[in-house]
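Work through the exercises below with the sequence and the model open beside you. Each task is followed by a solution that proceeds step by step.

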Amino acid sequence: MARIGVFICHCGENISATVDVGKVAEAAARIPGVAHSVDYKYMCSDPGQQMVQNAIREKNLTGVVVAACSPRMHEPTFRRACAAAGLNPFLCEMANIREHCSWVHEKGDATTEKAIDIVRTLVAKVKKNKALQPIKVPVTKVAMVIGGGIAGIQASLDIANAGHRVILVEREPSIGGHMSQLSETFPTLDCSQCILTPRMVEVAQHANITLHTYSELESLEGFIGNFKARIRKKARSLDEKLCTGCGLCAQKCPTRRIASEFDAGLGLRPAIYVPFPQAVPNKPVIDREHCTYYLKGKCRLCEKVCPTQAIRFDQEDEIVEVDVGAVVLATGFDIKHSDFFPEYGYGKHKDVIDGLQFERLASASGPTLGEMRRPSDGKVPETVVFVACAGSRDPAKGIEYCSKICCMYTAKHAMLYKHKVHHGKPYVFYMDIRAGGKMYEEFVRRAMEEDGVQYVRGRVSRIFERNGKLVVKGADTLLGARPMEIEADMVVLATAGVAQAGAEELAQKLHVSYDAHKFYAEAHPKLRPVETNTAGIFLAGACQAPKDIPESVAQASGAAAKVAALFSQAELVREPLIAVVDRQAPPLYSSCVGCFLCQSACPYQAIEKEEIRGRDGQLLKTVAKVNPGLCQGCGTCVAFCRTKSIDIQGFSHEQVHAEVLALLNRGDRDA
Amino acid sequence: MKTGFYPGCSMKGSAREYSESLLAVAAALGRDLPEVPDWNCCGATAAHNLDPDLALALPARILAAAEKEGMDEVLVPCAACYSRLSVTRHELLADEALRRRISGLVEADFRGSARVLNIIEWLAAIPGLEGMVKAPFARRVACYYGCLLVRPAGVVNFDRPEEPQSMDLLMKKIGAEPLDWAFKTECCGAGFSVSRTDLVAKLSGLILEDAVARGAEAVIVACPMCHLNLDMRRPNIERRAGKKYHIPVIYITQALGLAMGLPAKKLGLQRHKVAVKFPAANSAAKDI
Amino acid sequence: MPDFEPKIVAFVCNWCTYAGADLTGTSRMKYSPQVSIIRFPCTGRIDFMLLLKAFASGADGIIVSGCHPNDCHYSSGNFHARRRWIIFRGLLDFLGIDVRRVQFSWYGRWGRSRATSACAAWA
Amino acid sequence: MNALREKARELLAAKTVQVVIGYGRGSGGSARAVFMRAPAQAAELIFDATCLQNLAVYLMKPEVRKLGKAALVATPAALRTILQLAAENQVADNSLLALAPVGEDIMPLATFAAIEAHVAAADHDLSAAEGAELGKFAAMGLEERRRFWEEQFSRCLKCYACRAACPLCYCTRCTVECNQPQWIPVPAHDLGNLEWNVMRAMHLAGRCVNCGDCSRACPVGIPLYLLNQKLISDVSSVFQARSGMAARSDNAMSTFKPNDPEDFIR
Amino acid sequence: MRSDNHAHPAGPALADRVLEKTGVDVARCYQCGKCSAGCPLAADMDFPPSQVMHLLQLAAGFPEYAELALRSHTIWLCLTCEICYCRCPMELDIPKVMDALRHESLAQKKTNPKARDIIAFHRAFLDSVRTTGRLFEMGQVIDYKLRSGHFLQDMLQAPWMFLVGKLHLLPERVRDRRLLGRIFARTSKAKEKRP
């Protein structure tokens, strides 16, 4: 006879506020097979766990049901507690009477009744639980970092310094990400390249790091500790070993009028180019969409001038297969551009630019070599208006969140402008200044007090051009919301930070969930910010949500720590919630009839054929067999098998069948 | 597809030339425009400013009459009436109880089956307009949409609420050169023409100032109220601005009529405050 | 029948819909207590016989919900499930069982609230 | 018929097969399965309009398999059954010989490839009449259909004759015999009957070759073929898949296409 | 939308009446000022649109703010040109709110004296529609002059308008004028019923 312990948590008052926990405890006590039923204010606290452990020992319990929060929250906690008290952890189940009951229903009998139903369901399930031992799985101690921005670089370095091999995959010809495009960084105004390029070189020279630039993830199979990644190394049309990075080809290339992505469209670049001087690797790439050879089959000038004959026009994409144990997603973010705003001219005004374009104007390696000149006619702008919250905090445009970094970089832009154009007049239209980081508020004050940046509180309603000037129609809500117009020479929109293009496709390749804005979803917003729900895949940087460099670096190191922890064990312990094929005594040996239709149902090809032979070696039967290493426990085969010969531990036929009956009040006594 | 015609009160009075030019063009295009039987005033700004139920009742009765007449769509050349009819149809179709109450109030069952069409939609839907052009209207023009043709976007969903292009495209079809100017959808002062003429002078003045600054030779409008403020209130505008504006303001139907070679008299050009003539110096086309 | 309290069982997948239900909880959205949830690793694990057993045991309505196509944590569990649902639903309808009593849906993490409103309205 | 007898005698005499499974005259003019081991018994063989039973069902019976290699008088349904059993790894190639009667003479098919070619030649989709009958049901109202099947299932005795007669119900331990948990209630009450019949139909989805033996076997005459034909028509119209056409074909229900069409998942 | 898990005093606050009539929840306005920035007449208003919204937000706790809103000149200066609604990041239908405030201001006789002429024009407009079913421009201008006292306004325009045929001396009447009368009666009766 089962001896089940039921432990009902008040969760402070999160549960007891709407669920009569006493009544639930009484009802649980009356369920056949329940030997112990108590309620307590904080079940997950130490005293709470102590109660569970004492009850297990005193009452010799064969199963535990903790009625509290979601199993996704504290199942590990209580299973560890039961294991410590000598009860197999898989004989402990959580009944979710908080997220699925007390928080979502009004106080009343119906809610308490539902809580009792949920407890009864899980008690019925626990009776059918079996003691299970975790599966040991080998771990490939190689990490793959996708995205070579500051987050990807930091994560790679930390993992590599922890002694593990890292494969860094970067889509662009060079690592560096958006940070390499910046001129100076807040709150210290130190030059972005100066603090970034040493790290980039460190990555290139690190023995443990293999760098694949101009490459994308083609596919990822397998599971934590045992991923198999296929990386597409896009053809650079260049033999990287021979190329010395002398740059002669880029100088001589006749096709020079291509908008440079690195310069955010303000500068131009040739068809064969290195994105920026400090690029790592400092090897050019041929842009096949614009190169005359690929369009018309002529030219090949770069091939002629190349001292080391490194040009390879016929180079093909190459697929590299690697086994990795963990993946860190650090694919970064993108920003909206000025054409996203109908009321600011749909992008037709050349001098209405976005933040990254301003960074390029201010940067020494930029198209204007750092001189503050506006894109339309190259004049030095006398009056510049910076518009904060351009697209962010704007549900009408589908972006309701705050992009977090614009207040800071807008203040920085205004300061940089003032440092370069001393008599210039910078205005900033803002709604609220969000400068919450260390030294951030002081930085913005400095912009206002020392550099005389005029802050106007109000949002810009419209920007239009009038005889050579950009008229910015705003209002100052601190002066009675009086409408005002500023005739500006240039306008910088601090546009919304959004997910990278292609973020959704990459998430689907990795089976990682993402939110409505295509930012990757962390496992838990507060407690597991650098993990995803997919075991073995971690997050770092702005791909999870817009954030600044310090946070990205901190997250990168966090993710690296998680990877290092994963690789610290010789073997990976995996939950034994996998499928098993029924085996019985002879003469049946197994209820499986060997139709093997389940093989096509398994996404992980975890089902193999096993030949059962008699003592005389004669083949009696061929039945299915599950490879515990590959099976992920999705259960698709289990629900498909006609003879119910394959079952999954943790969600077995008996368990779910008992749950359904218990939930609908037809407990053990019936059928 | 039966297209009805709702002229609206101003087309009979202060905007006669809009009606004359529209009917002349329609005749030339061989399109008959049967009026909505016994149509009443849509209430314009006055109704929705003073009384919410009246603001829905008056347009509802018009649309119900059009539906009874079997009209699939109703051409409403005046932007204000177009807005009132569109908003009413939108709100009554969204709220069944409201639809029933207002239908009861006007003693007619409003179903919303008749679509509301503005002048640009109607003109743009006519195939082969370019072919009808005999004397291309080769002028630099500032196309003025006003507020209610393109807003509120959720209700009228016609063209873009910021920097619309549909009238510009039409004018290009008849040989004009539409300018990219900044006051396409800024307000002209609408209903304050009589009660607050000073404000109209300010707002309409800004519009003319920008059009002239861009080198426009004419302002093209598609709404009698905009025409009233920009044309008839020209003295007030000029007095307030302290300078003269000679730029003529003509309806899109008049511009189309001219391009189709219809006589100026039939298009009511003689009824304008600001004479519709273009200085010979900068354009080859003969003086009108 | 105002006091008709339909008993609804929701068979949900652990990754999208169960987490979505948790999210509905954390954001305190309200829905009818008549709906109870049974957790499965994936919609691929939901056996049609469980639906039969639920109806036979007195459930008035059933919700079967999992991850959007291409979002499945196991990559294809939901696709297999969809194929079974198409055939199973056709059979139920053929046998005269009102298929509106079974609501199939893809609810992503944030969509749980839509499910609750759907079933509340439906119930 | 004598071509058949001649062939059977010849096979048994030459011992190429150990048993010939064919039709013999049963009581009351019906045809019944006969298992001939000696050449002389070949005379009992008949083949006429009454020979409808799908003899392939005996290929899966241990008692028959014990006898060794079998030759089988195979109707088109039996041929489709053989190919479906092959697709489910139940019978190996060249482990049987199918004798397909074509008009007066007999076509011996020794390999799956031969059987596939023979099957492919004929049309195996649901006949117009069968389609029409399904259409009649679709036209009926929901309530009318429910009452029809409620009445039919109320007569089910749970004798499982349909399972015994079906060549594709070869599972050694069927779910019906599983009592931990008790999936299908043992007694023949209406809920249990519904669960049993729905399970039987679903487990044959994408597999049944529409031989009709289940209906013929049912002592209380429930039109079980309708359930299977409904699923056959759904599987072929929605997934364009047909069972019993090839020895190597994946099962419609355990595979998928990313864009399987449906209009009811919100 | 108001979250419903803690009770809101659905009291008679102006903002609640506005929510009930127009569906616009002023609590969603985060005072960004974009409406005031784009409003063509904001410079002439005593309370630009963003401030009217703020008055409504605080009106529940401060009844005098409701008075300021209802007695403001703004609600009459608003031309409902829809620029604010089109650009509002929170998609708040501000013109509809202005309409609702005008109706309440009229009902409670709190109309701003500076708006006398505007209201007179509208009243004259509706008088003409009630009597003839359409707008008889000349009749309306005379009625407006009687109500507003600006007898000499536009005296120079009238002869020119008549000369160019823009001034009709006789009104055009709708045939079913009695229906128009019933419509006006029913709507004005409905106005009395409202608070």
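The model is predicted, so that local features need pLDDT of at least 70 and side-chain atom pairs count only at pLDDT 80 or more, whereas totals for chains, interfaces and linings use all residues. Residues are numbered from 1 along each chain as its sequence is written, chains are lettered from A and ligands numbered from 1 in the order in which they are written, and side-chain values use heavy atoms, with hydrogens and water left out.

**Exercise 1. Describe chain A as a whole.**

Step 1: count the elements of chain A, which has 17 helices and 34 strands; helices (H or I, at least four residues) and strands (E, at least two) are DSSP runs numbered from the N terminus.
Step 2: take the extent along the principal axes, where the C-alpha atoms of chain A fill a box of roughly 90 × 70 × 40 Å.
Step 3: turn to the surface, of which chain A exposes about 26100 Å², with carbon and sulfur atoms supplying 53%; accessible areas come from the Shrake-Rupley method with a 1.4 Å probe, and for residues only the protein chains shown count as cover.
Step 4: consider burial, since 58% of the 671 residues of chain A count as buried, where buried means under 20% relative accessible area, exposed over 50%, and partly exposed in between (1.4 Å probe, protein chains only).
Step 5: examine the contacts, defined by heavy atoms within 4.5 Å; among those in chain A between residues at least 6 apart in sequence, 68% join residues at least 24 apart.

**Exercise 2. Place strand S6 of chain A among its neighbours, and explain how far it is enclosed.**

Step 1: because 5 of the 5 residues of S6(A), residues 142-146, are buried, the strand is largely enclosed by the rest of the structure.
Step 2: separate the two faces, with Val142(A), Met144(A) and Ile146(A) pointing one way and Ala143(A) and Val145(A) the other way, all of them buried. In a regular strand the side chains alternate between the two faces of the sheet.
Step 3: identify the paired strands, a pair requiring that DSSP finds at least two bridges between them. S6(A) runs parallel to S7(A), residues 165-169, to which 5 bridges join it, and Val142(A) stands opposite Arg165(A) there. S6(A) also pairs in the parallel sense with S18(A), residues 326-329, over 4 bridges, where Val328(A) is the bridge partner of Val145(A).
Step 4: add the helix, because S6(A), helix H6 (residues 150-161) and S7(A) of chain A make a right-handed β-α-β unit, right-handed meaning that, with the strands pointing away from the viewer, the path from the first strand over the helix to the second runs clockwise.

**Exercise 3. Carry out the corresponding analysis for strand S27 of chain A.**

Step 1: S27(A), residues 490-495, is mostly covered, 6 of its 6 residues being buried.
Step 2: Met490(A), Val492(A) and Ala494(A) point one way, while Val491(A), Leu493(A) and Thr495(A) point the other way.
Step 3: S20(A), residues 352-354, pairs with S27(A) in the parallel sense over 3 bridges, and Asp354(A) has Leu493(A) as its bridge partner.
Step 4: S21(A), residues 383-390, likewise pairs with S27(A) in the parallel sense, here over 5 bridges, with Ala390(A) opposite Thr495(A).

**Exercise 4. Inspect the backbone of the loop between S8 and S9 of chain A, then that of His511(A).**

Step 1: a cis peptide bond with omega of about -10° joins Phe186(A) and Pro187(A), and Pro187(A) lies in the loop between S8 (184-185) and S9 (190-191) of chain A.
Step 2: Leu189(A) lies in the loop between S8 and S9 of chain A and has a positive phi near 60°, although this residue is not glycine.
Step 3: Leu189(A) is classed as buried because its relative accessible area is 14%.
Step 4: His511(A), in the loop between helix H14 (503-510) and strand S29 (537-539) of chain A, has a positive phi of about 55° although it is not a glycine, and counts as partly exposed because its relative accessibility is 22%.

**Exercise 5. Which chains share the most contacts?**

Step 1: of the 7 pairs of chains in contact, chains B and E share the most contacts.
Step 2: no contact joins chain B and chain C, whose closest C-alpha atoms lie 19 Å apart.
Step 3: chain D and chain E are also not joined by any contact, their closest C-alpha atoms lying 24 Å apart.
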